Amino acid sequence: MRRLHGVAGVAALALAMTACGGEDDAPGERDAIVQMLNESRVLEAEAAAIEYRLIERCLEDRGHTVHDPREFMTWEPAELTAVADEHPHARSLPERDLAAEWGFGLWVYEEGADPDAWREYEDAAWSSTPQDTWDEVDAADFEALSPEDRYSWYVDFLGRDHARWLYGEYFGFEAPEENRPDDEDGAIVIEEDISEQPPPGGCRSAMIEALYGEPHLVETEGGSADSVDGYVEWAYRPAVPLADVSSLYSVEAAIEQVQDLLVADFRQQVAAEEEDFLSCVADRGHGGWDFEDRGGLDLFDYWGQIYSGGDYPGGDGGSFPDPPSNLPSDFASLRELEIAMAVDLAECADDSGLREAAETTWTEVNRDYYESVETEMYSWQEEMRAVVEHGQELLDG
């Protein structure tokens, strides 16, 4: 596996970053924050690459010469050039030129649209969005192994209990004798309650102990698309000291939590511009709208109702009005209505000052937050840097 050399390159990379704030910022102030975020993401990627190499070596010591590369995918983080991602209202406030051609970009996914329209729209709307670069993997050699050999690999990788918990249903065969539970007949059994992961075992456990010490259980609060009731999982990396959640072990997830945390503060500061914007769109015939708690307008459900003829499952009213009763029935006319509404909202975003206020305020609230946690983040970086250095020493030894 290749080793990511981002730590040494972050300083040079940061010199090329452009400040994303206004003229009143101290020189380099925003660059320092962006550099801190970029360096944190690179350190995390380097630590993961070290982890995978240690696990692979452990597996090879146990006789495995073919690995499942899907379990060891490394990545190169995209360069962040701004202290914050798009503001919460961004998708509801398209630029005038984009709105005139694509509306809100919702019609492109409908049945009547040109099959290539969605690709063209996404290229036009999101072409500047940085994306992490992930390794390409080919699992053909691993899949060519017998089921017994593949399952044995997972057992040595994750430990017997975790392999059965995660992959037992997939294999569904008699486990090799050396991996059979002592108190069962060898069949791979799936427990009814899979909300709690078994503890790490096998080579993954050996890696964790070598780099981090003992793993510990972390419980989520639930309520997300992934888990309604919450769940517990085993964690071992130093927690990223961002947001109000102390159990975040992914920099990307922590940054997302920060942005969730700051939405209320952001909306309070742009409340006057929000009101002016809603008055403007009402004057143009689009009354009855209100911003959602997390920002933005619920355009997806509103236009989903329109394109689906009122049968859209998510359309239950709330922050948007009922669709007009005299809608045309053909797709082309509905698309033109979407475009016309998008142009109205784009112009109101400019006339009300909401677009400018949202962009400036979102950057400011994010900058202020990250400045308040700089000391904690630099301490976390030192912990992660020590992990990378120790891991490299283990590999070299």
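A residue is called buried here when its relative accessible area is under 20%, exposed when that area is over 50%, and partly exposed in between, with a 1.4 Å probe and protein chains only. By that rule C348, at 0% relative accessibility, counts as buried. The model is a predicted one, in which local features need pLDDT of at least 70 and side-chain atom pairs count only at pLDDT 80 or more, while totals for chains, interfaces and linings use all residues. Residues are numbered from 1 along each chain as its sequence is written, and side-chain values use heavy atoms, with hydrogens and water left out.

We can begin with the covalent cross-links. If a disulfide is taken as a pair of cysteine sulfur atoms within 2.5 Å, the count comes to two disulfides. When the bonded cysteines of the protein chain are numbered in sequence order, the pairing reads 1-2, 3-4.

One of these links joins C58 to C203, with an S to S distance of 2.1 Å. This disulfide connects distant parts of the chain, since C58 belongs to helix α2 (residues 29-61) and C203 to helix α8, 145 residues apart; helices here are DSSP runs of H or I with at least four residues, strands are runs of E with at least two, and both are numbered from the N terminus. The link of C58 and C203 is left-handed, with -75° about the S-S bond. Both ends are covered: C58 counts as buried because its relative accessibility is 16%, and C203 is buried with a relative accessible area of 1%.

Helix α8 (residues 202-211) has further covered positions, for besides C203 its buried residues include R204, S205, M207, I208 and L211. An α-helix has 3.6 residues a turn, so residues three or four places apart point the same way. Just after α8, G213 adopts a positive phi of about 95°.

The other disulfide is formed by C280 and C348, whose sulfur atoms are 2.0 Å apart. C280 lies in helix α10 (residues 271-283) and C348 in helix α12 (residues 331-351), so this pair ties together parts that are 68 residues apart in sequence. The link of C280 and C348 is left-handed, with -75° about the S-S bond. C280 is buried, its relative accessible area being 17%. Helix α10 also holds E274, which counts as buried because its relative accessibility is 7%. Although E274 and A349 are 75 residues apart in sequence, their C-alpha atoms are 9.0 Å apart in space.

From the disulfides we can turn to the charged side chains. With a salt bridge defined as a side-chain nitrogen of Lys or Arg within 4 Å of a carboxyl oxygen of Asp or Glu, a search of the whole structure finds 21 salt bridges. One of them brings together the side chains of D156 and R62, at 3.5 Å from N to O. Here, too, distant parts of the chain are linked, with D156 in helix α6 (residues 147-158) and R62 in the loop between α2 and β1 (75-76), 94 residues apart. The two partners differ in their cover, because D156 is buried with a relative accessible area of 16%, whereas R62 is partly exposed at 43%.

Another salt bridge pairs R96 with E347, the closest N and O atoms being 2.8 Å apart. R96 lies in helix α3 (residues 96-102) and E347 in helix α12, so this contact ties together parts that are 251 residues apart in sequence. R96 is partly exposed, with a relative accessible area of 34%, and E347 counts as partly exposed at 23% relative accessibility.

A further salt bridge is found between the side chains of R119 and D116, at 3.4 Å from N to O. R119 counts as partly exposed at 44% relative accessibility, and D116 counts as partly exposed at 39%. Elsewhere, salt bridges that share partners join R96, R284, D344, E347 and D351 into one network.

Which residue is found in helix α4 (residues 117-126)? E120 is found there, and E120 counts as partly exposed because its relative accessibility is 46%.
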